[in-house]
Amino acid sequence: MRLTLVGADVEENLGMGMIAAAATGAGHRVEVLGFNESAQILDLAGRIASSGPEVVGLAAQFQHRGLDFLSLATALRKSGFRGHITAGGHFATMGYASVLAGRYGVDSVVLYDGEDTIIDLLAALAAERSLTDVAGIAFRNAGGAVVRTAPRCLPQDLDTLPIAQRYRPHTRHMRIPFVPVSGSRGCWASCSFCSITTVLRDARAHGAHGKLLRLRSPQDVAAEMAVLGRAVGGSAIFCFHDENFLLPRPADSLARVEAIKRYLDDAGVERAAFVGKCRPDTLTPDLARGLAELGVIRLYVGVENASQRGADHLNRRVAVASMGQALDACSEAGIVPCYNLLLFEPETSLCDVAENIAFMRRHAEIPVNFCRAEPYLGTPLHHKLAQAGKLSGSFLGWDYRLADDRAELLFRISSAAFRERNFANDGVANRYMGLNYSCGVLDWFYRVGDIRKERLRERAHDLTKNISLDTAELLEQALDLAAQLDPHDDDRVARETARLGLRVAASDRIWHAALDALMSDLRAFAATGRRREGAPRRPAGQIVRAAQGAAFAGWLALWAPGCNGCNGSALGLPPDGGRNDATPDYLVNDPLPPDAGRPDQGRDSMVVDPVPPPDAGRPDARPDYMIADMLPYDSGPRDAGASKDAFSPVSDPPPPAGGALSSARGELSPAAAEGGASWADTTPRRSPRARDLPLCLPPEIRVEGEWMGSVVHVCLAGADEPITIRWQSEGDVTGTDRHVIWTPSSDEDQLNVAVRSREGVAVAELRLGQVRGRRG
């Protein structure tokens, strides 16, 4: 049969690759397509429908992408596709009953691990047999009822699973091949917000028995790494997409990495670096030093919340002291660390936030991001809030209100003011995490003693520290607003939030300029610096047999040549520095996928899911994203028409009433839906937060610009409700409405806008690299 797999693709989707390998090994033809944003839905639907596969598999891992995948399924049906649509991944597994409700056109869901299940599912479809005998799925039968079949045990020996099929050229970071790999599945912890352990425990509860932590043998994972490493030239950065790179006991962790490294050495991999993630209580100073010597260059350390109350509420079972010790151990050993804070959780207080700010200041040399803990479907956090009657939304994403009014207000202020900074693909938070990673790559792969490299590292250290301290300072300002403002004075809260948002955007301009300059110098060094090379060895016979025995040959020829960033639009990677002509050459820490930044999802940053719509359908519909972000620093770009040497406060009046506000955007009447089709066509409604506090429904906006000679014509799109607008730039801005003409003051200039509606505030940024066309 012909199978088309569709899923997120940023660092290569190894889950899709393993499903593809399993299906290919069973004699089926497989195509893999990347799907990173909703704008791709119509094109993907048309491409798939025209190619005519018998089966489409949707790799629906992320709750916040659930609407996108279900909209794609609906678009496929509307385009005339009548084949079988199956879905898999964390979101699809935990929400299978809703996914199969009938309105989206999905026929089945592969539950939990899918390598064996997909083979049986394809065989049954090819033979036109009933799906009842296919273990490990749920499906909608001829009568429309959702049926769950017999459980399928999770595979215990990961060495027996197929090697992930690589389906597009690998990327390079600082000219070094970047190779994602998977060495384990699962986690032994029980954090209340984690969807990964939730899926594992759900599998056990339904009879799909298996260990919470399953490991590939060091020899097996190293054999795959060796084949891939030699295929790309002998040196590579191996990024482990494991929930935990380290094991509970430090001695076991060191022995495992030593075994992998020894095998790579014997197989002729000249120089290998490792990137992974760990819990802070698994890392000691001695272990960090040992790992650094073996080539571990970066660790994402799961701090999550640096208030002991907050950590306990999230069931982290980690002392705050050990969090700081783990970060210090990395830094002292020469490993580049980064971390995230789930700053907001249901019981957060302003004191908890203050403790997290103090932690950020103590570790200012380490990049950090922060957001809210989200109640992913089926997690203990989700169940707890549901039982208390505190959830709103739907299976496409749940929302809740923090118990403390002031803490909830702080969350809303942060969500409105700092989204661009923390969670834009090319936002400051992602870029400064990428900066430190890039320095780690240069340290490991380029010659020691080069004074240029040392100076670049010093600059990166200073810039990182300044951005972190700036983040702490502005978070403190937001904290003061939440503590001091009258929470029922909607106009004052909105006004101060808009002012803070514009200060954030003004600060971003300064940090982006510094990041642009330093990243340019890092790339220049990588282009001219002398590489540190190990002595190549003859590959062991076992490696040769592994390469010959695995069905590598076809895709290895495609994958091995690689590309320096590849096609950003295809991979979903932001262009470095916001320039259209640039390609990323560093590890991107994107926020868009959720599940606490778990490594198997291909990104390692944190996300707050959208305030969910109660339904979904139209391919062009957008989810209601409420993203909790962090904040930057106060600086001096002027508002349009203001003095160059002073920040002009926002003085816009409240938005006009303009009639009743609607929470729906262009919902189609039943008569407007596809005539005669069984696939309902509805636009999702936006779900406002509780209206007892301000900022309950921020407007959805985007800024677009196009060069017209030496000026930029700018359009503010979105926000159908009545709004007031404030533009800000170092250069000149003519006009005050949705359409303005911007004359940038320099190549580093940035245009910012604050938008207020009756129910919220939004701030957006436009960098010159994001402007269409060319300057005349």
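**Close-up 1. Lys78, a partly exposed residue in a predicted model.** Start with Lys78, whose relative accessible area comes out at 29%. That makes the residue partly exposed, because the value falls between the 20% limit for buried and the 50% limit for exposed. Bear in mind that everything in these views comes from a predicted model. Lys78 sits in helix H3, which covers residues 66-78. Look across to Gly105 as well: its C-alpha atom and that of Lys78 are separated by 9.5 Å, with the two positions 27 residues apart along the chain.

**Close-up 2. The whole chain, for orientation.** Zoom out for a moment and you get 22 helices and 25 strands. The chain runs to 776 residues, and 63% of them count as buried. As for contacts between residues at least 6 apart in sequence, 76% join residues at least 24 apart.

**Close-up 3. The largest cavity and what lines it.** Searching the whole structure turns up 13 cavities of 30 Å³ or more. The largest one holds about 740 Å³ of space. Its lining is made by 37 residues, and the ones nearest the centre are Gly15, Gln61, Gly89, Tyr112 and Asp113. Several elements give two or more residues to this lining, including strands S1 (2-7), S3 (55-59), S4 (84-88) and S10 (184-186). On the helical side, H1 (14-25), H4 (90-94), H6 (115-126) and H7 (195-205) do so too. H1 supplies the largest share, with 5 residues.

**Close-up 4. Chemistry of the cavity lining.** Here is the same wall of the largest cavity, sorted by residue class. The lining splits into 17 nonpolar, 14 polar and 6 charged residues.

**Close-up 5. An open sheet of 4 strands.** Follow the strands in the order S19-S20-S23-S22 and you'll find antiparallel pairing. The edges are strand S19 (701-708) and strand S22 (732-734), each of which pairs on one side only. On average, neighbouring strands of this sheet are turned by 25° against each other, ignoring direction.

**Close-up 6. The S19 and S20 pair.** Now for one edge of that sheet: S19 pairs with strand S20 (residues 711-718) in the antiparallel sense, over 8 bridges. In general, strands of a sheet pair through backbone hydrogen bonds, either parallel or antiparallel. For a landmark in this view, pick out Trp707, which stands opposite Val712 in S20.

Conventions:
Residues are numbered from 1 along each chain as its sequence is written. This is a predicted model: local features need pLDDT of at least 70, side-chain atom pairs count only at pLDDT 80 or more; totals for chains, interfaces and linings use all residues. Side-chain values use heavy atoms; hydrogens and water are left out. Buried means under 20% relative accessible area, exposed over 50%, partly exposed in between (1.4 Å probe, protein chains only). On a 1 Å grid over the protein atoms alone, a cavity is a set of points where a 1.4 Å probe fits but cannot get out, and a pocket is an open set with protein on both sides within 12 Å along at least five of seven lines; lining residues have an atom within 4 Å of a point. Grid points are joined across faces, edges and corners, and a volume is the space filled by probe spheres set on the points. Ala, Val, Leu, Ile, Met, Phe, Trp, Tyr, Cys and Pro count as nonpolar, Asp, Glu, Lys and Arg as charged, and the others, Gly among them, as polar. Two strands pair if DSSP finds at least two bridges between them. Axes are lines fitted to C-alpha atoms, for helices over the stretch in contact, and angles run from 0 to 180 degrees between N-to-C directions. Contact means heavy atoms within 4.5 Å.
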